[in-house]
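Visitor: Could you walk me through this one, starting with the ligand?
Guide: Gladly; here it is.
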Amino acid sequence: MPNTKNYHTSQPDYETAIDRNVPDFPVAEVLDEDKYFQNHEPPSYLPEIEAQIDKFVDFHCQQTQKKVVLVTSGGTTVPLENNTVRFIDNFSAGTRGATSAEYFLENGYAVIFLHREFSLLPYSRHYSHTTNCFLDYMVEKDNKVEINPEFADSMLVVLRKYMAAQKANSLLLVPFTTVNQYLYTLRLASQLLQKAQSDALFYLAAAVSDFFLPSSRMPNHKIQAQPSGKLVVDLEQVPKFLRRLVDSWAPQAMIVSFKLETDSSILIKKSVQALNRYHHQLVIGNLLQTRKNEVVLVTPDEAQNWIRLDDTQKHQNVEIESLIIPAVIQEHENWVKNWTAKNK
Ligand code: PAZ
């Protein structure tokens, strides 16, 4: 996909990210989502992204009538310095998001892919991180570069899907790096997606930081060695934006969040807790250790639908997302039907 954007989210906004006039961000309280936006600057490139998303949503609402899914993917960072040398990162390669995006596209959705810049992308994921270098897929023949015949057939399949998505203008790539960029972009995209009403779906697979350093306390320059020999970092809790997404940013859309745990004994409890707290439609629970082989879909009635790859499927390299996405789409179809019936 040609890179036409004029910015990189991995480069901090040196000038605007810090505002020393704002007071310290308070300890998490009710409605601190709103305070967050009052106390933190939006990324400077946001208007460019707004124009792209707006055009994409209009195109699909007016011309193709495709349902639109916003897939979030990859981990957010928490910078420790304004001129960022050090940051805290969240685990995620972007496999879940990039793979899911491909299956949504195959199932007729338009996809806004809100991803950590330089993490895995739909289609190129098959080649970008699987060898030392993409050149491993090439050979030289008669003074020319060719695709290694060993990979040519499978690459043709991927290429055709990629070209089809391009031709149909069905995939919009939107990057983030920091948690601040992620939150501002998510809010913007969800407000623009209101036009799609219940045809909008949110599939929140990104690993978003739970703690952050408020910009009012962020040092401008690289942190130097401390006299104590220790660096003590005092982080605040990131407000729970899922509540805002469900209540006011995108009240007509169906919202699917992921819950990642490492302790299997609390996975279901935490998934149910998230549904009770935010009142959205579906939580997909997964464990770090087994996330590629099994997930559990939990709905507000506390029903649990486990999706597991069996041994044959594992052997055949079936991707679990090829089973997750049809189940999510089924839920979305029910959501649209109910919403339409209620709003007749
Ligand atoms: O990107 P990946 O395939 O390596 O990992 C995917 C995942 C585990 C980050 C995702 O499935 C997930 O659970 N996201 C939500 C994480 C959370 O609870 O914040």
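Guide: A polar contact here is a pair of N or O atoms within 3.5 Å, and please keep in mind that this is a predicted model. With that cut-off, a backbone N or O atom of Gly 94 makes such a contact, lying 2.8 Å from an oxygen atom of the ligand.

Visitor: And which side chains have an N or O atom by a ligand oxygen?
Guide: The side chain of Asn 286 has an N or O atom 2.7 Å from an oxygen atom of the ligand, and for the side chain of Arg 291 the corresponding distance is 3.2 Å.

Visitor: How much of the ligand's accessible area does the protein cover?
Guide: The protein covers 90% of the 470 Å² that the ligand has on its own.

Visitor: Which elements give two or more residues to the shell around it?
Guide: Those are α3 (95-106) and β11 (254-261), and β11 gives the most, with 3 residues.

Visitor: What's the shell like by class?
Guide: The shell has 7 nonpolar, 4 polar and 3 charged residues; of the 14 residues around the ligand, Ser 92, Gly 94, Arg 96, Leu 260 and Asn 286 come nearest.

Visitor: Switching to the whole protein, how many helices and strands?
Guide: There are 10 helices and 14 strands, and buried residues make up 45% of the 344 residues.

Visitor: What does the radius of gyration say about the overall fold?
Guide: The protein has a radius of gyration of 21 Å, which agrees with a compact globule, because a globule with 344 residues would have a value near 20 Å. Among contacts with a separation of 6 or more, 74% are between residues 24 or more positions apart.

Definitions and conventions: Residues numbered from 1 in each chain as written. Predicted model: local features only at pLDDT ≥ 70, side-chain atom pairs only at ≥ 80, totals over all residues. Heavy atoms only, no water. Near = heavy atom within 4 Å. Polar contact = N/O pair within 3.5 Å; in protein donor to acceptor, adjacent residues only side chain to side chain. Areas by Shrake-Rupley, 256 points an atom, 1.4 Å probe, with all protein chains shown as cover. Helix = DSSP H or I, 4+ residues; strand = E, 2+ residues; numbered from the N terminus. Nonpolar A, V, L, I, M, F, W, Y, C, P; charged D, E, K, R; others polar. Rg over C-alpha atoms; globule rule 2.2 N^0.38 Å. Buried < 20%, exposed > 50% of the residue type's maximum accessible area, 1.4 Å probe, protein only. Contact = heavy atoms within 4.5 Å.
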